[in-house]
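Reader: Please give me a close look at a single part of this model. Tell me first how far to trust the coordinates.

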Amino acid sequence: MSVTIALAGNPNSGKTTLFNSLTGLNQFVGNWPGVTVEKKEGALKDNKDVIVMDLPGIYSLSPYSLEEVVARNYLLDERPDAILNIVDGTNIERNLYLTTQLLELGIPVVVAVNMIDLVDKKGDVLDVEKLSRRLGCDVVRISALKGTGVREAAEKALEATRRTAAPSPAFAFSNTTERTLSSVAGLMKPKPGQEIPKGQKRFFAVKLFEGDEKIVERVVVSDAAALAAVREKAEREFDDDAESIITNERYTCIAAIVEECFRKKSASRVSASDKIDRVITNKWLAFPLFALVMFLVYYVSVTTVGAWSTDWANDGLFGGGWRLFGIGTADYEAAVEAFDPTSGAAEPDSAGFGLWIPGIPSLADNGLQWAGVSGWLRSLIVDGIVGGLGAVLGFVPQMFVLFIFLAILEDCGYMARIAFIMDRIFRKFGLSGKSFIPILIGTGCGVPGLMASRAIENDRDRKMTLITTTFIPCGAKLPVIALISGAIFGGEWWVAPSAYFAGIAAIISSGVLLKKTWLFSGESAPFVMELPAYHLPAATGVLRSAVQRSWAFVKKAGTIILLSVVAVWFLSSFGFEDGKLVQVEDLGDGILAHVGRSVAWVFAPLGFEDWKAAVATITGLVAKENVVGTFGILYGFAEVAEDGAEIWGSLAASFTPIAAYSLLIFNLLCAPCFAAIGAIRREMNNWKWTLFAVSYQTFFAYFAALCVYQYGMLLTTGIFSEGTAATLALTVVFLFLLFRPRKDAFRSVKTKLEAV
Amino acid sequence: MTLADWIIGALVFAVLAAAFFKVVKGRKSGAECGCGCSSCADCPPPKQDVKQGKDT
């Protein structure tokens with residue numbers, strides 16, 4: 001028979017790291033609170049009969065947000081066989097608040113004091129035996145990150161599941177409160193046909209006394225007037241409300257326990273994290289530093305380190321070929337320089353210098369020709385599959401570099417600061433920094449980013465976050481950014497970082513604009529977030545995260561992207577001639593070209609009326625990488641020059657830089673991929689809202705791309721066209737919507753005036 | 001159609017069929033939404049009870 005151990009603890013206490021260590025799974029871990037928004041289960045590595053349940057982080061059993069409800073309901077309704085309570089050793093006093101509540105649930109609890117290595121490093125001393133006695137449960141010292149004490153924690157939790165007697169806490173509140181709680185317990189009865197589990201009476205009595213609505217629904221009070229009288233008496237005696245009485249009692253107990261069991265080396269010392277935060281979160285420096293960090297991340301990923309490796313992948317592996325270790329390159333370049341086209345001599349052959357390794361397209365083409373494969377099948381494999389997938393996979397090195405940087409920022413604790421920094425800006429516009437957490441997660445992939453919005457309590461803010469989260473460039477959009485940056489702009493330094501900042505600008509302006517509508521008006525919820533301590537990112541963790549994300553990208557290329565590029569190849573290579581479906585010589589006669597032309601007029605004001613760009617934009621709805629895959633097929637990336645250097649030439653010839661940037665902006669901001677649209681629908685739980693979200697994103701993207709193209713043309717050519725006039729009119733409307741006073745601000749002024 | 005066409009064509013279509021079923025199966029089970037991100041496990045099947053494994 002299987003047993004279940006639930007991992008419960010405060011946000012960012014290391015539950016998911018411990019979960020991964022116990023189960024051998026690879027759940028996403030981030031050094032900021034709110035990474036886990038749903039419960040997740042896995043079997044214990046050494047004992048598959050033991051199910052480990054990772055719960056979202058909670059500060060108490062009085063839930064306020066969705067993920068807190070998930071955790072509490074699970075503990076109350078499912079009743080795991082034991083709770084492994086992860087306590088952050090560097091912040092023990094606050095973490096024990098939840099522990100005191102978990103101990104009242106009548107479920108065996110084992111406390112695992114995590115980050116004990118940091119406690120030791122600081123010179124603080126924790127007496128585990130004493131803490132165990134005072135709490136009335138087993139306590140173990142662990143470091144989930146380093147893996148120390150993890151096995152012992154699992155063994156202790158397993159031992160606890162075998163206990164039959166319902167445990168009870170070893171601590172008690174003041175005599176007056178204990179008497180009050182006994183009176184409340186006496187007035188409490190289970191609902192007909194139900195029973196209050198053994199050992200949970202105290203928990204229910206406390207919650208009933210506090211007036212917790214969700215708990216009140218679960219029990220029957222025999223005499224409501226008597227309960228009110230008991231509560232009133234206690235509130236008079238303590239001169240406080242019921243909830244605060246219990247909170248104070250808990251903290252009094254915790255203070256006594258900590259006093260006895262924990263010795264701080266120096267209470268007044270300013271930690272290294274605090275010193276760093278004085279600079280990083282400084283009022284004036286914070287935002288420029290954030291901009292600099294993100295600029296460097298995108299610049300290095302797309303333009304420098306990432307570009308060097310991607311150039312090799314695109315021009316060599318998925319291009320014409322490459323020279324092993326570059327041997328012979330100098331000789332080849334010298335031969336090209338010395339070559340005189342008028343001499344009548346043959347042009348130097350790139351493959352004739354050094355050890356030339358042909359690229360996959362030429363290898364595949366030569367192999368298939370040698371085997372005598374028909375033209376259509378060769379075209380499917382070389383132009384469709386190799387050309388389409390190669391165009392996408394060529395960007396894996398750049399993505400890998402980006403994912404390394406993101407993992408470092410997540411792991412060291414800087415991401416949490418970004419939310420804090422952005423809160424200052426967001427608050428000015430009536431938004432909350434809490435909305436920025438999903439956006440941070442969305443930098444990797446929009447789907448988990450959208451799910452992270454569950455941590456936002458305010459429904460209007462949550463909906464608005466769902467609408468704006470996918471504006472941030474996710475990993476799948478990186479190939480689009482890199483392609484435009486490399487092919488059209490020759491790797492200009494500003495292109496890739498500007499894509500990220502365009503996303504941020506879209507989020508902020510959309511937030512301001514939407515907040516001023518009646519749909520989203522109102523004050524946003526306060527943003528309270530615990531900033532985790534900075535720590536050096538673990539190299540293995542960073543690499544694992546980057547490899548996992550990159551591998552997921554490769555896997556996706558092998559499924560949905562593969563199917564998409566084959567569909568694009570078929571639809572572009574076949575067309576109807578005399579009522580018959582035949583393979584066409586010119587892609588411009590294919591089915592896709594006809595479809596593309598019929599919608600291309602929509603994009604003409606944005607500067608890319610070419611049917612190929614229209615088709616690429618539409619296929620991008622399936623997955624954003626498809627934009628690149630489609631270009632790969634339609635612009636014939638598989639048919640490259642011998643040296644591979646002209647792989648992007650045909651694409652560059654079809655776009656002006658302004659049209660290309662407009663195309664980039666539209667594809668970055670428009671409706672996300674189907675998977676993300678599905679996630680928006682799940683989270684909104686409403687088709688109308690989903691439709692609103694997708695329509696808003698697409699209109700916004702259209703407007704932004706229109707501004708880029710029309711104003712860009714005005715500035716570069718000086719011509720004022722009807723398009724410019726229409727864009728100007730739309731800009732005026734947009735600016736009005738952006739800068740008009742907020743409705744709730746009006747209301748607040750009106751209320752004040754009425755009061756006067 | 002040559003023998004090479006049949007063999008290579010069959011291989012290509014087998015790969016495509018496998019990719020198709022992987023996408024369909026992944027979406028149906030809810031284990032993978034198809035977005036391809038590394039956090040699939042972070043996206044629990046929304047219509048399933050994680051513990052019971054039953055549709056709710």
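Author: **Confidence, then the sheet**

The mean pLDDT (the predictor's confidence in each residue, from 0 to 100) of chain B is 62, and 45% of its residues reach 70 or more. Chain A averages 84, with 92% of its residues at 70 at least. This is a predicted model, so local features need pLDDT of at least 70 and side-chain atom pairs count only at pLDDT 80 or more, while totals for chains, interfaces and linings use all residues. Residues are numbered from 1 along each chain as its sequence is written, chains are lettered from A and ligands numbered from 1 in the order in which they are written, and side-chain values use heavy atoms, without hydrogens and water.

Two stretches call for caution. In chain B, pLDDT stays under 50 over residues 38–56, where the model has 39 contacts (heavy atoms within 4.5 Å) beyond four places in sequence. In chain A, residues 641–645 also stay under 50, with 12 such contacts. Where pLDDT is low, the predicted coordinates should not be read in detail.

Now the sheet of chain A. Six strands (DSSP runs of E, at least two residues; helices are H or I, at least four) form an open sheet in the order 2-3-1-4-5-7, with mixed pairing (at least two DSSP bridges between two strands). Strand 2 (40–44) and strand 7 (138–141) of chain A are the edges, each pairing on one side only. From one strand to the next, the twist averages 25 degrees.

Take strand 3 (residues 47–54) of chain A. Strand 1 (residues 3–9) of chain A runs parallel to strand 3, joined by five bridges. Val3(A) sits opposite Val50(A) of strand 3. Ile5(A) has Val52(A) as its bridge partner there. Strand 2 of chain A pairs with strand 3 in the antiparallel sense, over five bridges. Two residues separate strand 2 and strand 3 of chain A in a hairpin. Ala43(A) faces Ile51(A) in strand 3.

Helices cover parts of this sheet. Helix 5 (residues 128–135) of chain A lies across strand 5 and strand 7 of chain A, at about 150 degrees (angles run from 0 to 180 degrees between N-to-C directions) to strand 7.

For contrast, look at a helix pair elsewhere in chain A. Helix 17 (residues 375–393) and helix 25 (residues 539–573) of chain A pack at about 135 degrees, with axes 9 Å apart. That makes helix 17 of chain A oblique to helix 25 of chain A (under 35 degrees is roughly parallel, over 145 roughly antiparallel, 65 to 115 roughly perpendicular, the rest oblique). The contact residues include Trp376(A) and Leu380(A) of helix 17 and Phe553(A) and Trp569(A) of helix 25 of chain A.
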